[in-house]
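Colleague: Got a minute to go through this one with me? I'd like to talk about how the parts meet.

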Amino acid sequence: MAIEKTYAEINEKIRAGKAVVLTAEEVIALVEEKGVSEAARQVDVVTTGTFSPMCSSGVFLNFGHSKPRIRMQKVWLNGVPAYSGIAAVDAYLGATELPEDDPCNSNYPGEFRYGGGHVIQDLLEGKQIKMQAVSYGTDCYPRRELETYITLEDLNEATLFNPRNAYQNYNCAVNLSSKTIYTYMGMLKPNLGNAHYSSAGQLSPLLKDPNFMTIGIGTRIFLGGGVGYVAWNGTQHFPVIQQDANRNTYGPAGGTLAVIGDLKQMKPNWLVGTSMLGYGATLTVGIGIPIPVLNEEVMRYASVTDRELYAQVVDYSSAYGLREPGNFGYVSYAELKSGKITIAGKEVPSAPLSSYPKARQIAGILKDWLLQGDFYLSEPVQLLPSYKDEIVSKTLEIKGI
Amino acid sequence: MAPKKIILRFGKDISEKPIIVHLAKDYGLVFNIIRANVNPNKEGTLVLELSGEQYEQGLEFLKSQGVRVQPLAEEICRNELKCTSCGACTAICPTGALYLERPSMEVRFDSDNCVLCQICLKVCPVKAMAIAS
Ligand code: SF4
Ligand code: SF4
């Protein structure tokens, strides 16, 4: 008989302390031993995890009102500008924002030692943050400037809202040119000197529910060490099944999530300020998503291995930057994790930018929360578009008037 | 005199020349090679323990041959609490002192293989690598 479980049934088991929860790594071994059907019968939830730099991240802040009041027009936190083109004392601090006096790449390759992501981590560590604001002054908001210190605790709200996180899959970046380049995929040595990838592969959330059968708006998740929710699809959500010129398929890619959660219950070791040499500052984000085993199909996808998941090899010295077609085909995550891949007949050392041990730890923490009844599944109010919706990405054309 | 620890750096033009043998042959110095590495760009790094009467003359000879000489007063260390085991340094570190352990994919640091090139200080995205003196 086909296996069908509902969210309510699984939550009831969690409440009773009887739910069977395995991480995406553990479930692979079970499926290899017992098969998909038996595994789907036994297991209620599969937990996933990822821990990677995710640039499209940031936090909405409400500072409370000073006396006299100010309608903040510009705001800086430890010298890093926050966007304040919203209500009087609200602002959005983006992870990649830099202090105005950062030398950036004028001192190539720039170090980008401190940015919005680092301010977020400092807030989580309870540090005092220097705040400055200026305004033009109004009849109802007379103050024109302020300088003070704030901590996370002092704020009314600090809502992490990341418009694009948890990329389903990512390129494997290489450098074909004859000089070292510095990219958001790290330092790439000349003449195919190294290859960098950035996915947890078989532990990564959107590779384990590739067709969005369970993940949707309202899905409760592990976010930055606390609890968060999927708010929407991420920006640039273009799920596809990867294909080469001969129509061979190479698994899913392209999906993204927008996520939201209360920063005040998150932890500094799961939201880490990050500096990419020669590229910029960002935030490394820890995300874990529980996948309810509603049926065998969900289990089949949740148990795919690194051998069946692929990254596209892309040249970052030219093709990527110029937005030109051309890639070097696909490599499996099993090959990437072995530390060596072969590109154009050359053996190239491969290394990750995404921490697999941390991804494993996140899947483990989420599993513990579920086993202890500290975390329940939420049924999405709406599922997200999948590759079947054939969303096509638009490009920006440069037009004269 | 007591042996001194020094780092020698060779550009690619001289990394294949037999320079070190002259330290013993012409200057009577006693040396012990602690670490040696040639990176893919053919630049060499050598960490030596060196002693002998004509120590200074030996160093002058090295410099005249285009070798950069640096005292080994420092050590690279990793802040284990900060390191996220992301792996971004592992294909960059020229000697494999920073490496991924498989299958756990934890990043390990073996300071015995470190040649103090300091590249990891720059590429580590969370600044987990530092110089300790
Ligand atoms: S300084 Fe860093 S990159 Fe250089 S050898 Fe030592 S550990 Fe490796
Ligand atoms: S780059 Fe830094 S954080 Fe990443 S593994 Fe190396 S030392 Fe650790």
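Colleague: What does the domain assignment of chain A give?

Modeller: This is a predicted model, to start with. Chain A is assigned domain 1 (7–48 + 164–375) and domain 2 (58–160).

Colleague: How many Å apart do the C-alpha centres of domain 1 and domain 2 of chain A lie?

Modeller: The C-alpha centres are 31 Å apart.

Colleague: And how many residues of each are in contact?

Modeller: 26 residues of domain 1 of chain A touch 27 residues of domain 2 of chain A. The two domains bury about 1,900 Å² between them, with 66% of it on carbon and sulfur atoms.

Colleague: Which three residues supply the most on the domain 1 side?

Modeller: A:L263, A:K264 and A:A281. They supply 32% of the area that domain 1 of chain A buries against domain 2 of chain A, more than any other three residues.

Colleague: How many salt bridges does the rule find there?

Modeller: Zero across that domain interface. The count of residue pairs in polar contact is nine, both residues at pLDDT 80 or more.

Colleague: Which elements supply at least two residues of that side of domain 1?

Modeller: β12 (181–183), β20 (257–262), β21 and β22 (280–288) of chain A. β21(A) gives the most, with six residues. By class, that side of domain 1 has 15 nonpolar, eight polar and three charged residues.

Colleague: Switching to the chain interface. How many residues of chain A are in contact with chain B?

Modeller: 26 residues of chain A, against 21 residues of chain B. The area buried between the chains is about 1,800 Å². Carbon and sulfur atoms give 63% of that area.

Colleague: Which three residues supply the most of what chain A buries?

Modeller: A:M187, A:P352 and A:P357 supply 22% of the area chain A buries against chain B, more than any other three residues.

Colleague: What about salt bridges and polar contacts across the chains?

Modeller: The rule finds zero salt bridges between chain A and chain B. It finds eight residue pairs in polar contact, both residues at pLDDT 80 or more.

Colleague: Where does the largest share of the chain A side come from?

Modeller: From β21(A), with five residues. The chain A side divides into twelve nonpolar, nine polar and five charged residues.

Colleague: OK, chain B. How is it divided?

Modeller: Into domain 1 (4–71) and domain 2 (75–132). Their centres, taken over C-alpha atoms, are 26 Å apart. The contact takes six residues from domain 1 of chain B and nine from domain 2 of chain B.

Colleague: What area is buried between those two?

Modeller: About 590 Å², with carbon and sulfur atoms giving 52%. B:R9, B:R35 and B:N37 supply 68% of what domain 1 of chain B buries there, more than any other three residues.

Colleague: Two Arg in that trio. How many salt bridges does the rule find across this interface?

Modeller: Zero. The rule does find four residue pairs in polar contact, both residues at pLDDT 80 or more. β1 (4–10) and β2 (30–38) of chain B are the elements that give two or more residues to the domain 1 side.

Colleague: Last topic, the ligands. Which residues are closest to ligand 1?

Modeller: B:C93, B:C114, B:C117, B:Q118 and B:C120, out of 13 residues that surround ligand 1. The shell has eleven nonpolar, two polar and no charged residues.

Colleague: And which residues are around ligand 2?

Modeller: Among them are B:C83, B:C86, B:C89 and B:C124, along with B:M129. By class, the shell around ligand 2 has eight nonpolar, three polar and no charged residues.

Methods. Residues are numbered from 1 along each chain as its sequence is written. Chains are lettered from A and ligands numbered from 1 in the order in which they are written. This is a predicted model: local features need pLDDT of at least 70, side-chain atom pairs count only at pLDDT 80 or more; totals for chains, interfaces and linings use all residues. Side-chain values use heavy atoms; hydrogens and water are left out. A residue is near a molecule or strand if one of its heavy atoms lies within 4 Å of it. Ala, Val, Leu, Ile, Met, Phe, Trp, Tyr, Cys and Pro count as nonpolar, Asp, Glu, Lys and Arg as charged, and the others, Gly among them, as polar. Contact means heavy atoms within 4.5 Å. Buried area is the accessible area (1.4 Å probe) that two parts lose on being put together, summed over both. A salt bridge is a side-chain nitrogen of Lys or Arg within 4 Å of a carboxyl oxygen of Asp or Glu. A polar contact is a pair of N or O atoms within 3.5 Å; within protein, one must be able to donate a hydrogen and the other to accept it, and residues adjacent in sequence count only if both atoms are side-chain atoms. Helices (H or I, at least four residues) and strands (E, at least two) are DSSP runs, numbered from the N terminus. Domain bounds come from an automatic or database domain assignment.
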